[in-house]
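Here is a short report on a predicted model. It covers a sheet first, then the metal sites.

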Amino acid sequence: MIGCDCAVCRSSDPRDVRLRPSIVVQTAATTVLVDAGPDLRAQALRHDLRRVDAIVFTHGHADHILGMDDVRRFNWIMKTAMPCYGDARTLGDIRKTFHYVFDSSTPKGGGLPSLDLRTIDGPFIVGDVAVQPVPLWHGERPVLGFRFGAFAYLTDCSRIDEAAWPLLEGLDTVVIDALREAPHPTHFSLAQATEAGRRIGARRTLFTHMCHHLAHEATNARLPQGMSLAYDGLTLDL
Ligand SMILES: [Zn+2]
Ligand SMILES: [Zn+2]
Ligand SMILES: [Zn+2]
């Protein structure tokens with residue numbers, strides 16, 4: 001947190017240093033990036049991300065889309081426009097925020113990312129990765145989580161409709177939004193996320209999108225068995 005001297009912001013535990021939420025789902029053949037936040041460039045350099053076959057967007061908030069300009073480098077590496085999957089509202093947010101990319105009067109050249117926007121209207125496939133969208137509520141805004149086989153990523157949510165629960169059956173690993181202890185209008189609190197995790201019943205439940213109120217080690221020490229905070233750079237074999 002800018003200008004904060006709290007114990008988490010001053011912590012020497014690297015797991016207390018958090019960039020904006022994003023994940024990569026990778027098989028031998030395919031790399032899918034979920035969200036492209038303002039830290040995309042730093043994260044790609046830190047974790048040696050060398051290719052992206054598609055970007056899948058949960059929603060259009062700034063902390064999930066403001067890295068779009070850095071897609072230029074992946075256009076160069078992949079030698080093609082970047083397939084960008086999102087629901088209609090999210091793609092609208094991207095068009096508005098990056099209006100110059102979609103404005104035909106903008107001079108063309110290396111200064112613009114090349115984006116191939118694709119509306120999500122059900123399950124879809126990127127390379128050899130099957131993607132199941134999971135409808136979630138982020139305050140009053142409908143957003144998407146994503147299921148990849150027995151793994152699901154549910155960032156930025158505060159409510160899960162009854163209709164969505166069957167999509168979360170039989171998971172091995174789930175990642176759930178858990179902003180802080182205190183309730184928040186658009187994010188699960190840690191208690192709400194823990195409750196959702198219990199109902200999902202995955203072997204392993206990880207929390208994400210924590211703010212600086214939650215210290216990594218101290219919070220993990222009081223979480224139920226099989227539940228813990230995720231951290232930047234965490235790699236899971238699925
Ligand atoms: Zn702080
Ligand atoms: Zn959000
Ligand atoms: Zn967010």
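Phenylalanine 151 stands across from threonine 173 in E10. The strands concerned are E9 (residues 151–154) and E10 (residues 173–177), which run parallel and are joined by four bridges. Strands of a sheet pair through backbone hydrogen bonds, either parallel or antiparallel.

E9 and E10 belong to an open sheet of seven strands. Its order is E6-E7-E8-E9-E10-E11-E12, and the pairing is mixed. Strand E6 (124–126) and strand E12 (227–229) form the edges, each pairing on one side only. On average, neighbouring strands of this sheet are turned by 25 degrees against each other, direction ignored. Helix H6 (residues 190–200) packs on the sheet and touches E9, E10, E11 and E12. The direction of H6 makes about 155 degrees with that of E10.

Now the metals. Two zinc sites are set out here.

| Zinc ion | Donors | Distances | Angles | Geometry |
|---|---|---|---|---|
| ligand 1 | Cys4 (SG), Cys6 (SG), Cys9 (SG), His212 (ND1) | 2.0 to 2.3 Å | 106 to 113 degrees | tetrahedral |
| ligand 3 | Asp63 (OD), His64 (NE2), Asp156 (OD), His209 (NE2) | 2.1 to 2.2 Å | 93 to 158 degrees | irregular |

Take the zinc ion (ligand 1). Its donor residues are spaced C-x1-C-x2-C-x202-H in sequence. Cysteine 6 and histidine 212 link distant parts of the chain, 206 residues apart. Cysteine 6 lies in the segment before strand E1 (23–26). Histidine 212 sits in the loop between strand E11 (204–208) and helix H7 (216–221). Are these two donors buried or exposed? Cysteine 6 counts as partly exposed because its relative accessibility is 24%, between the limits of 20% and 50%. Histidine 212 has a relative accessible area of 17%, so this residue is buried.

Turn to the zinc ion (ligand 3). Along the chain its donors follow the spacing D-H-x91-D-x52-H. The site is irregular because its angles run from 93 to 158 degrees, while a tetrahedral site needs all angles between 85 and 135 degrees. Which residue coordinates both the zinc ion (ligand 3) and the zinc ion (ligand 2)? Aspartate 156 does, and the two ions are 3.5 Å apart. Two other donors of ligand 3 are aspartate 63 and histidine 64. Aspartate 63 counts as buried because its relative accessibility is 19%, under the 20% limit. Histidine 64 is also buried, at 0%.

Methods:
Residues numbered from 1 in each chain as written. Chains lettered and ligands numbered in written order. Predicted model: local features only at pLDDT ≥ 70, side-chain atom pairs only at ≥ 80, totals over all residues. Heavy atoms only, no water. Donors = N, O, S within 2.8 Å, 3.2 Å for Na, K, Ca; no water. Tetrahedral: all angles 85-135°; square planar, octahedral: opposite > 155°, others 65-115°. Helix = DSSP H or I, 4+ residues; strand = E, 2+ residues; numbered from the N terminus. Buried < 20%, exposed > 50% of the residue type's maximum accessible area, 1.4 Å probe, protein only. Pairing = 2+ DSSP bridges. Axes fitted to C-alpha atoms, helices over the stretch in contact; angles between N-to-C directions. Contact = heavy atoms within 4.5 Å.
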